[in-house]
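Okay, thanks for making time, everyone. Let me put the thing up on the screen and then we'll walk through it together.

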Amino acid sequence: MKRTIAWILLLVLVMAMMTGATGSGQQQSVEMLENWINPYTDVSEDDWSYEAIRALNFREILPSADTFDGNRQETRGNVVFYLYQLYRSLGGPAAGAGVCAFTDVRASDERYSAICWAAENGIINGVSETEFAPDASITRQQVCAMVMRYAAFAGARLAAVKPADQFVDSLNVSVYARSYVTACQMSGLVSGYPDNYFRPENNISRNESAVILYRLLNAQLEPPDASAELVKTGVDDYNALYETYEPEPFEPLVPESTAVADSWFDRTVFIGDSVTQGLALYCGSSLSKAQFLSAGSMSAENALTGVIKPTFQGEKVSLPEGVARSGAQVVYVMLGMNGISYGVDTAAADLEKLLLQITDRNPDVTILVESVTPMTRTSTIVTQRLNNEKIREYNEKVLELCLAHEWYYVNVAEALADSEGYLLKEYCSDASVMGIHMTVSGVNAWTDYLKTHVPEDLK
């Protein structure tokens, strides 16, 4: 009897130890997390990323510091460091004393061993053969690539919790990252925005990085059972899906959406005549560091011939060259007021020719054409060839051009006109004279419209 009791007690002890490795161990981790001492003065329980930051710092995946700076953009080197720390926290061996092939990663950098480890194990690639750019901001598609390469290396079993979906901009995902982005989406590590865009080139914040790593940690701590469908982690596993994806039909007219931050305009340049000069004069900091290539009386025709050139950095330049020098990625254009009187068709054709010259010189820029704004009821320059009806005809022609060339069309005129289509008097600084130039309140309405009418794929 005593021997039987002893065997029963031993069996109970073994079962208790097994339970402790799963449920009780998780409970113990929860209790330990509750005793976590928060080192970050800017992280509170109200933060949406709090649970992720707490768990990762508790496991020493995220290093302690006075502040976390969750809204700051995450870097390539940091994500690699976190992946290495995650690997080590789950029992992975420490990296050997390797030599990093990247010349821009210093041995004194605390991330050095992690970056060497990641390179040796195929988790990362450099931006060139010799450079990794550890302090450069990391994009959403880069994170997916690193995470899935890590999963393949670590033998992580990730359950497919969602079917593969096409994002509106799936075909904008770089070829190298396509399978990885799909795998991340299927495993629930990342998701699209509420509008179903993925925005692969968007940089991620430290908060977003922490949440992705937290999900990866949980997936490894609680691997799926044998019957679960697993996500594939290879570089080409889901590429065939992209061959079946249909590109979204292009819609040139930019609809209203959530306002962007002022800093979004840091990458923009505005081309226009004296009306746009008013925008430059009165916008203040509302367009942040936007640049301007504008000149009084400029039209597409006289810009093409070089009769009128804007001044950029103290020098007269052609518009294609000015855009190149500005380094802008997004080009806003409002030209037509000084050309419409020569014929709507002619003015539209000249604008098309000019925009093609700009894009030939600057193939990577995105064009956003602004509608020409209306004239006031009391304008003294109204003629049979230049009036609000002709302006509307011209804007309709320009919208057709935008559809044909896949340029965006921003209808700023609707923000500045009254119910009859005239420029609002309070928005006009010369209402009883030319009737076309803006007051400060007019410019404020204009900039508010611009901020709430940005193409989704540019956000």
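Let's start in a loop. S297 sits in the stretch between β2 and α11, the helix at 300-305. What is phi there? Near 70°, so to speak on the positive side, in a residue other than glycine. As for exposure, S297 is partly exposed, with a relative accessible area of 43%. I should say right away that this is a predicted model.

There's another serine to look at on the other side of β2. S288 is in the loop between α10, residues 274-282, and β2. S288 is not a glycine either, and its phi is positive, about 50°. S288 comes out partly exposed, with a relative accessible area of 30%.

Okay, let's step back to the whole chain. We have 16 helices and seven strands. The C-alpha trace spans about 115 × 45 × 45 Å along its principal axes. The radius of gyration is 29 Å, whereas a compact globule of 459 residues would be near 23 Å. On burial, 47% of the 459 residues count as buried. And if you take the contacts with a separation of 6 or more, 73% of them come from residues 24 or more positions apart.

Now the sheet. Five strands make an open sheet, and the order is β2-β1-β5-β6-β7, with parallel pairing. Which strands stand at the edges? Those are β2, at 291-294, and β7, at 408-410; each has a single partner strand, so one side of each is left without a neighbour in the sheet. From one strand to the next, the twist averages 25°.

Let me zoom in on β5. Towards β1, residues 268-272, the pairing is parallel and runs over five bridges. Towards β6, there are four bridges, joining residues 330-334 of β5 to residues 366-370 of β6, again in parallel. If you want specific pairs to click on, I271 stands opposite V333 in β5, and V333 in turn has V369 as its bridge partner in β6. You can also pick V331, which stands opposite I367 in β6.

So is β5 covered or open? Five of its five residues are buried. That goes for both faces: V330, Y332 and M334 on one side, V331 and V333 on the other.

How do you get from β5 to β6? Through helix α13, residues 344-361, and the three together make a right-handed β-α-β unit. Then there's α14, residues 388-405, which lies across β6 and β7 and runs at about 150° to β7.

On to the packing. The largest nonpolar core has 71 residues, and I271 and Y332 are the ones with the most contacts inside it. Which element gives the largest share? That's α13, with seven residues. What does Y332 touch, once you leave aside neighbours within four places in sequence? The list includes W264, F265, T268, V269, F270 and I271, then L368 and E370 in the 366-370 stretch of β6, and also V410, L450 and V454.

Apart from that core lies another one, with 63 residues, and W36, C100, W117 and Y238 are among them. W117 takes us to helix α5, residues 112-120, where Y112, A114, I115, C116, W117 and A118 are buried. What covers them? Part of the cover is α4, at 76-89, and α6, at 140-154. Right after α5 comes G122, with a positive phi near 70°.

Last stop is L83, which has its place in α4. Buried or exposed? At 0% relative accessibility, L83 counts as buried. Setting aside neighbours within four places in sequence, L83 is in contact with W117, I123, M146, Y150, L213 and L216. And here's a nice long-range pair to check on your own screen: L83 and L217 are 134 residues apart in sequence, yet 9.6 Å apart in space, C-alpha to C-alpha.

That's it from me. Happy to go back to any of these views.

Key. Residues numbered from 1 in each chain as written. Predicted model: local features only at pLDDT ≥ 70, side-chain atom pairs only at ≥ 80, totals over all residues. Heavy atoms only, no water. Pairing = 2+ DSSP bridges. Helix = DSSP H or I, 4+ residues; strand = E, 2+ residues; numbered from the N terminus. Axes fitted to C-alpha atoms, helices over the stretch in contact; angles between N-to-C directions. Contact = heavy atoms within 4.5 Å. Buried < 20%, exposed > 50% of the residue type's maximum accessible area, 1.4 Å probe, protein only. Right-handed = clockwise from strand over helix to strand, strands pointing away. Core = buried A, V, L, I, M, F, W, Y, C linked by side-chain atoms within 4.5 Å. Rg over C-alpha atoms; globule rule 2.2 N^0.38 Å.
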